[in-house]
Amino acid sequence: MSAREQAVRKLQEKGVLNMDGQPLPRRKFLVNLALAWATFAAAMGGAVTVLSAFFIPRVDFTKVDVFKVGPPENYPKNTVDESFKASKGVWMVNDGQKIFAVSIVCTHLGCTPNWMPNESKFKCPCHGSGFTMQGINFEGPAPVPLRRFEVSLADDGQIIVNKGRLFMAEKGEFDDPRSFIAV
């Protein structure tokens, strides 16, 4: 096979020449070009659509979880109640002076710490962050204390936890009267 025949064959494979060795008509070339651009645009549109899912949050901020956890008498002094850990994501804590609701989400990377009653602390199994009974970080990589939720007393004497309102120690909000119930 001569060099010319090889060149013609390569051009035919690329679609520049017809199978008979003649140049591709202008109209067919433009149609092929338009189809190629349409295919490229569709692929890019699909990619942008898939990537946009990462930028749009899948969280419904309209739902606020408000629930009752029983009367203050259900929480003896210096105890952590884990009854609502799995169902509501809350520990109810009575440190002897206040009753408050603590979030079960570690402020380091979002793991769920465990209450260690023998050591009187919350301990995160992921990276070793430790928190006091009040939720204050004292060991490990957690940068800030655990969050607290708003608590109040209902007319029937039960404690109401409002997960729509967070209190953060780094903002000085642990002293806010809505973040605890005085014992």
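Which element of the protein chain has the lowest mean pLDDT, and which the highest? Helix α1 (residues 3-14) has the lowest mean, 77, and β9 the highest, 92.

**View 1. Getting started with the whole chain.** Welcome to this structure, which is a predicted model. Over the protein chain the pLDDT averages 85, and 96% of the residues score at least 70. A word of care applies to any such model: where pLDDT is low, the predicted coordinates should not be read in detail. Helix α1, with its mean of 77, is the element with the lowest mean pLDDT.

**View 2. An open sheet of four strands.** Here you can follow 4 strands that form an open sheet in the order β5-β6-β7-β8, with antiparallel pairing. At the edges are β5 and β8, each of which pairs on one side only. Between β5 and β6 the antiparallel pairing runs over 3 bridges. To find one of the partners, look for N114, whose bridge partner in β6 is K123. As general background, strands of a sheet pair through backbone hydrogen bonds, either parallel or antiparallel.

**View 3. A network of salt bridges around K123.** Keep K123 in sight, as its side chain also takes part in a salt bridge. The partner is E139, with N and O 2.9 Å apart. K123 lies in strand β6 (residues 121-123) and E139 in strand β8 (residues 137-139), so this pair ties together parts that are 16 residues apart in sequence. Both ends are partly exposed: K123 has a relative accessible area of 24%, and E139 has 26%. Another salt bridge in this view brings together the side chains of E119 and K121, at 3.2 Å from N to O. Are E119 and K121 buried or exposed? E119 is partly exposed at 48% relative accessible area, whereas K121 counts as buried because its relative accessibility is 12%, under the 20% cut-off. Taken together, E119, K121, K123 and E139 are linked in a network of salt bridges.

**View 4. A salt bridge between distant parts of the chain.** The structure has 8 salt bridges in its count, and the one shown here joins D156 to K68. Their closest N and O atoms are 3.0 Å apart. D156 sits in the loop between β9 (148-153) and β10 (159-167), while K68 belongs to strand β1 (residues 66-68), so to speak a long way off along the chain: the two are 88 residues apart. Each partner is partly exposed, D156 with a relative accessible area of 47% and K68 with 43%. In general, side chains of opposite charge can pair when their charged atoms come close.

**View 5. Two nonpolar cores.** How many residues does the largest nonpolar core have? The answer is 16, and those with the most contacts inside this core are V80, W91, V93, V102, F122, F131 and L146. Strands β3 (90-94) and β4 (98-103) each supply at least two residues of this core. A second, separate core has 13 residues, including V90, M92, V151 and I159.

**View 6. The surroundings of F131.** This close-up returns to F131, one of the residues with the most contacts inside the largest core. Setting aside neighbours within four places in sequence, F131 touches a varied set of residues, among them C106, P113, K121, F122, F138 and L146. Others in contact with F131 include T107, I136, N137, A142, V144 and P145.

**View 7. One disulfide and two cysteines outside it.** The structure holds 1 disulfide. This bond joins C111 to C126, with the sulfur atoms 2.1 Å apart. The torsion about the S-S bond is about -115°, so the disulfide is left-handed. C111 lies in the loop between β4 and β5 (114-116) and C126 in the loop between β6 and β7 (130-131), which places the two 15 residues apart. C111 counts as buried at 17% relative accessibility, whereas C126, at 39%, counts as partly exposed. Now turn to C106, which is in no disulfide; its nearest cysteine sulfur is that of C124, 3.9 Å away. C124 is in no disulfide either, the nearest cysteine sulfur being that of C106. C106 is buried, with a relative accessible area of 4%, and C124 is buried with 4%.

Technical notes:
Residues are numbered from 1 along each chain as its sequence is written. This is a predicted model: local features need pLDDT of at least 70, side-chain atom pairs count only at pLDDT 80 or more; totals for chains, interfaces and linings use all residues. Side-chain values use heavy atoms; hydrogens and water are left out. A salt bridge is a side-chain nitrogen of Lys or Arg within 4 Å of a carboxyl oxygen of Asp or Glu. Buried means under 20% relative accessible area, exposed over 50%, partly exposed in between (1.4 Å probe, protein chains only). A nonpolar core is a set of buried Ala, Val, Leu, Ile, Met, Phe, Trp, Tyr and Cys residues joined through side-chain atoms within 4.5 Å. Contact means heavy atoms within 4.5 Å. A disulfide is a pair of cysteine sulfur atoms within 2.5 Å. pLDDT is the predictor's confidence in each residue, from 0 to 100. Two strands pair if DSSP finds at least two bridges between them.
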